[in-house]
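Reader: I should like to look closely at one part of this protein and then see how that part fits into the whole. Could you guide me through it step by step?

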Amino acid sequence: MIDLFYRRQAMILGTLSMIGLLVFWQIAVDSGFINPFFISTPSQVWAEFLVQLEDGQVAANVGATLYCFAWSMGLATVVGIVLGMLAGWFSDVEAALEPFIWFKYSAPTVAFYPLFVAWLGYGTPTIIAIAFLFALTPIYANTLSGIKNIDRDLAKAARSFGARPLDVFLQVALPGSVPVMMAGLRLGVGRALTGVVVAELFGANAGLGYAITYYGQLMQTTKMMVSIAIVILLGVILTQILSYFETKTDAWRVDSGPLI
């Protein structure tokens, strides 16, 4: 009950702060403190959103972005969790993958964009590849951490009762690492959406990132702000969905040192 109260309080405070920001934004522009050419106003953005919603632009751009997001996030989830489990359970696999993961983590992912364009061409395949790289690292790293830091006492107890390594993995390591995996997925969602939008900024013929670039080049700030607002809203919705599922696995969390 206490946790629920604090979550609701945080949601109320967050909503009020957002409303306050919008009100300040509108007043600052209406009073002439900020030039509307550079940022428009919430009322104008809302009116333009309704126009784009009616003529189908919103549906087309959101659909294109979510299509690439779903593919990239799905691939990153499968690859990241599988590799993270293998690396967490087998130290040799971790040692073999570590140079590639650190190279991926330290190198700016956008730098690979020209290579993917050369290999895959402009459009959806390149966007998915870039977003996949954006999302892969946090999912892999959290899965690895979750597997390596399972409850050692539970693992020893399982072995003492004759459990095989596979049984320990399936019945102890995997359930115990789910909360940490969920945290990695929550981070991966935000990074996958960022990767999709960034890739669309460089080369696409549809999507929210494409709309931002297109209207930005035409200096049509209000139309551009519609796509920016939708990206922000999508990010909030997607991360909140993962946060909800993450809280559902909090009871599985255990505090222990590394198993291996």
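Author: Let us start at glycine 56, which comes after helix H3 and has a positive phi, near 90°. Please keep in mind that the model is a predicted one.

Helix H3 itself runs over residues 42-55, which makes 14 residues. From its first C-alpha to its last, H3 reaches 20 Å, close to the 20 Å expected at 1.5 Å a residue. Its buried residues are Pro42, Val45, Glu48, Phe49 and Gln52. Around the helix axis these residues cover an arc of only 125°, and therefore they sit on the same side of H3. The face turned away from this buried side carries the exposed residues Trp46 and Glu54.

Now consider what comes before H3. Serine 40 belongs to the loop between helix H2 (36-39) and H3. Its phi is positive, about 60°, although serine 40 is not a glycine. As a general background, most residues other than glycine have a negative phi. Is serine 40 buried or exposed? Since buried means under 20% relative accessible area, serine 40 counts as buried because its relative accessibility is 1%.

Serine 40 also appears among the contacts of a residue far along the chain, threonine 221. If residues up to four places away in sequence are not counted, threonine 221 touches Phe37, Phe38, Ile39 and Ser40. Threonine 221 lies in helix H11, which covers residues 221-248, and at 10% relative accessibility threonine 221 counts as buried too. In the loop between H10 and H11 one finds methionine 219. Methionine 219 likewise is not a glycine, yet has a positive phi of about 60°.

We may now place this part in the whole. The protein has 11 helices and zero strands. Of its 260 residues, 42% count as buried. Among contacts with a separation of 6 or more, 74% are between residues 24 or more positions apart.

H3 also contributes to the interior. The largest nonpolar core has 52 residues, and those with the most contacts inside it are Phe69, Met73 and Ile230. H3 is one of the helices that each supply at least two residues of this core; the others are H1 (2-30), H4 (57-89), H6 (113-120), H7 (124-148), H9 (165-202), H10 (208-217) and H11. The largest share, 12 residues, comes from H7. Such a grouping fits a general tendency: in soluble globular proteins, nonpolar side chains tend to be buried together.

Methionine 73 can serve as an example from this core. Leaving aside neighbours within four places in sequence, methionine 73 is in contact with Ala135, Ile139, Leu185, Gly188, Val189 and Ala192. Apart from the largest core lies another, of five residues, among them Ala87, Ile101, Tyr140 and Leu144.

Ile101 leads to helix H5, where it is one of the buried residues, together with Glu94, Leu97 and Lys104. H5 comprises the 16 residues 91-106, which at 1.5 Å a residue should span 22 Å; its end C-alpha atoms are 22 Å apart, so the two values agree. H5 nevertheless bends by about 40° at leucine 97, and proline 99 follows within four residues.

Finally, let us turn to the aromatic rings. The whole structure contains five aromatic pairs. In one of them, the ring centres of tyrosine 113 and phenylalanine 202 are 5.2 Å apart and the planes lie at 35°, so the pair is tilted. Because tyrosine 113 lies in helix H6 and phenylalanine 202 in helix H9, this pair ties together parts that are 89 residues apart in sequence. Tyrosine 113 is buried, with a relative accessible area of 8%. In another pair, the rings of tyrosine 214 and tyrosine 215 have their centres 5.2 Å apart, but their planes are at 75°, so this pair is edge-to-face. Tyrosine 214 is partly exposed, with a relative accessible area of 39%, whereas tyrosine 215 counts as buried at 8% relative accessibility. Together with Tyr210, Tyr214 and Tyr215 form a cluster linked by ring pairs.

Methods: Residues numbered from 1 in each chain as written. Predicted model: local features only at pLDDT ≥ 70, side-chain atom pairs only at ≥ 80, totals over all residues. Heavy atoms only, no water. Expected span 1.5 Å × (residues − 1). Bend = angle between axes of the 7 residues up to and from the residue. Buried < 20%, exposed > 50% of the residue type's maximum accessible area, 1.4 Å probe, protein only. Arc of directions from axis to C-beta. Contact = heavy atoms within 4.5 Å. Core = buried A, V, L, I, M, F, W, Y, C linked by side-chain atoms within 4.5 Å. Phe/Tyr/Trp six-rings, centres within 6.5 Å; stacked < 30°, edge-to-face > 60°.
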